[in-house]
Amino acid sequence: MSTLRTEVQFTESKPESYLSRVTKRFLKHKLAIIGLISVGSIVIFSFIVPLFFEYGSTFSDFSYLYGSPNSQYLLGTDSMGHDLFTRLMYGGRISLIVGFSAAIIPAIFGIIVGAVAGYYGGLADNILMRITDAFLSVPAFPIYMALAKLMGQGVLNIILVFSFLGWMTNARIVRGMYLSLKENEYTEAAKAIGVSNARIIFRHLLPNTMAPILVSMTLTVGGAILSEAGLSFLGLGVPPSTPTWGNMLTNSQQDIFLAPRLVIWPGIMIFLTVLSFNFIGDGLRDALDPKLYR
Amino acid sequence: MKKELLLEIKDLKTYFYTDTGIVKAVDGINLKLHKSEVLGLVGESGCGKSVASLSILRLVDQPGKNAGGEVIFKGEDLLKKSEEEMRKIRGSEIAMIFQEPMTALNPVYTIGNQVMEAILIHQDVNEEEAKKKTVKMLELVGIPDPEKRFNEYPHEMSGGMRQRAMIAMALSCNPDLLISDEATTALDVTIQAQILELMKDLQKKIEAAILFITHDLALVAEMADTVAVAYMGKIVEYSSVKNIFKDPRHPYTYGLLKSIPSLITKKTKQPLLAIEGMIPSPHNMPKGCYFHPRCPFATDICRKQMPELKEIKPGHLVRCFNPIENAKEVSKK
């Protein structure tokens, strides 16, 4: 008996944790890895590489407008003599910050609304979900435009506007999960040892809802970057003095035939980033919930 | 020596207000439980055993609601307490073990974390002391290698081990009353025997009273001091475990006992008796005694009137107009 025991322990060694299994499955997803590497490079490109460059985002060389690429200006300059390469890096900062904030802030808000609605049910559920429905039935883009106009242009305002109109999907996902989670026996068991409702909601049940929330958040990052580009393209996003990939597109509208690279490069950056985040989202979804999609 | 009264349930009613009508899941139950005593609550599925236990802790969910009665625990009515006060009682003074060890533990936290939580909530200790206590509790309930098991997730343990962890969780704050709601039903018999042995052992050690809810009469014989037999939300017979098994008076109790196959019935070639019919639909309860449609001894009065719970001999209460006088004689017929 005792020899058997030691043998078993030997082969079993340390049991595999949930996290390590998820990581393993994620690493098997090739597209997700490509996405992760690409997002990593873009983050480094936007946040670290500029530290080693002499020009800031507002630098312009008026003697070299529409300059073609050379050793000094790697991708050439635009109509104002800004170095395109530098502008791309600084633009990436704003786009990524907007993307991440617009994914995280509304997710937090949506989780709170959905958790409370789903857990308590009844009247609270009804009120909160009708508010959610109301928000969902508002056409988002015109409202973005109106709010952006109303609050003025700026990175912070863009994030606020996205947060204001972006929490409903998360709220619905979380509510649905809480409706079923609260019927679980372990919820009852937690109540039976005297755990408070707030603690059950946020400590016991929340981790059980993290998988779909994480997936939805990664997909939101890409969406927010696109929306920011759209708003900036319409001239309602971030003012032109602060470069973002979106307003770089706007500012080069007239120059599309004169110097196509001014449009192509920001376009490629947006495309790459959004695609990479979507790949990561796919990978996460498969890794966190292997029962689905397989 | 008269034992100290710990829990007294007086005329407890829990009704479910559903769309199709009121379901009287618990309909006027009276129970008394003394300190460090084991009370068995027996009955078929759907007779209100679990709802009764949840009602004591006030954990019945919508649309279920308390519809009257008192639950007096240590001299105070639990039904009049605030939610805040109840939370302090749950887990520390009254603890509960659930039926399904597979689902009663949260899959995202380690066993240790979950056992420790009860200690952290109810006792004034820091995390390190709580952890030490938890490991001690895990050891006490017979989990081998508790330090290692502390960091394991529920899915890494077997059903028996999980139920041991549940017991550790329930007993971690030395409760005065332990409610065991079919705690061993989901386990296979050998594990069941181990868990029962453990519960009996620990009960003696910490001097807790147990409300032992089960559908299995054999377990009651093993564990309980007194037994209450429930049928459709009412207690139909209430007595010491010896009386119930040797001298059952209510036809339902008698039927339950007779429907257990035993070696003796096989020897004497007696057919195994079953209680005829099914439990009535809670939406369409029979008039009079709820048991009369299935009762071989039913008379006219049974069809008209619900009998009272009467003491027919000291310490033996029966809810029946025609209690069985001599169980042995009836079985010969």
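**Aromatic contacts, cavities and local features of the predicted model**

Across all chains, a search of the whole structure identifies nine aromatic pairs. The structure described here is a predicted model. One of the pairs joins F45(A) and F85(A), whose ring centres are 5.4 Å apart and whose planes meet at 75°, so the arrangement is edge-to-face. F45(A) belongs to helix α3 of chain A (residues 30-47) and F85(A) to helix α4 of chain A (residues 84-120), so this pair ties together parts that lie 40 residues apart in sequence. F45(A) counts as buried, with a relative accessibility of 16%, and F85(A) likewise counts as buried, at 17%.

Another edge-to-face pair is formed by Y119(A) and Y120(A); it is assigned to this class because the planes stand at 85°, with the ring centres 5.3 Å apart. Y119(A) is buried, with a relative accessible area of 8%, whereas Y120(A) counts as partly exposed at 45% relative accessibility. In addition to these pairs, one aromatic cluster is formed by F109(A), F135(A), F164(A) and W167(A).

Contacts between lysine side chains and aromatic rings are found in chain B. K65(B) is placed over the face of Y17(B), at a distance of 5.9 Å from the ring centre. K131(B) has its charged end over the ring of F150(B), 4.7 Å from the centre of that ring.

With respect to internal space, the structure contains four cavities of 30 Å³ or more. The largest cavity encloses about 70 Å³. Chain A contributes Y186(A), A189(A), A190(A), I193(A) and H204(A) to the lining of this largest cavity, and chain B contributes A104(B), N106(B), Q114(B), E117(B) and M169(B). Two helices, α9 of chain A (185-192) and α3 of chain B (111-122), each supply at least two residues of this lining. The greatest contribution to the lining of the largest cavity comes from α9(A), with three residues. Classified by residue type, the lining of the largest cavity comprises six nonpolar, three polar and one charged residues.

The second largest cavity has a volume of about 50 Å³. Its lining consists of Y231(B), K234(B), V236(B), H250(B), C289(B), Y290(B), F291(B), M306(B) and R319(B). In terms of class, six nonpolar, one polar and two charged residues line the second largest cavity. C289(B), one of these lining residues, is itself buried, with a relative accessible area of 11%.

Helix α10 of chain B, which spans residues 251-258, is mostly covered, seven of its eight residues being buried. The buried residues of α10(B) are P251(B), Y252(B), T253(B), Y254(B), G255(B), L256(B) and L257(B).

Cysteine pairing was also examined. A disulfide is a covalent bond between the sulfur atoms of two cysteines. The search of the whole structure finds zero disulfides over all chains. For C289(B), the closest cysteine sulfur is that of C302(B), and the separation of 6.0 Å is too far for a bond. For C295(B), the closest cysteine sulfur belongs to C320(B), at 5.9 Å, which is also too far for a bond. C295(B) is buried, with a relative accessible area of 15%.

Backbone geometry was considered next. Most residues other than glycine have a negative phi. In D11(B), a residue other than glycine, phi is positive, with a value near 50°. D11(B) is located in strand β1 of chain B, which covers residues 5-18, and is partly exposed, with a relative accessible area of 36%. K74(B), which is not a glycine, also has a positive phi, of about 50°. K74(B) is situated in the loop of chain B between β5 (70-73) and β6 (76-77), and at 39% relative accessibility this residue counts as partly exposed.

Definitions and conventions. Residues are numbered from 1 along each chain as its sequence is written. Chains are lettered from A and ligands numbered from 1 in the order in which they are written. This is a predicted model: local features need pLDDT of at least 70, side-chain atom pairs count only at pLDDT 80 or more; totals for chains, interfaces and linings use all residues. Side-chain values use heavy atoms; hydrogens and water are left out. Rings of Phe, Tyr and Trp (its six-membered ring) pair if their centres lie within 6.5 Å; planes under 30 degrees apart count as stacked, over 60 as edge-to-face and the rest as tilted. Helices (H or I, at least four residues) and strands (E, at least two) are DSSP runs, numbered from the N terminus. Buried means under 20% relative accessible area, exposed over 50%, partly exposed in between (1.4 Å probe, protein chains only). A charge sits over a ring if NZ of Lys or CZ of Arg is within 6 Å of the ring centre and within 35 degrees of the ring normal. On a 1 Å grid over the protein atoms alone, a cavity is a set of points where a 1.4 Å probe fits but cannot get out, and a pocket is an open set with protein on both sides within 12 Å along at least five of seven lines; lining residues have an atom within 4 Å of a point. Grid points are joined across faces, edges and corners, and a volume is the space filled by probe spheres set on the points. Ala, Val, Leu, Ile, Met, Phe, Trp, Tyr, Cys and Pro count as nonpolar, Asp, Glu, Lys and Arg as charged, and the others, Gly among them, as polar. A disulfide is a pair of cysteine sulfur atoms within 2.5 Å.
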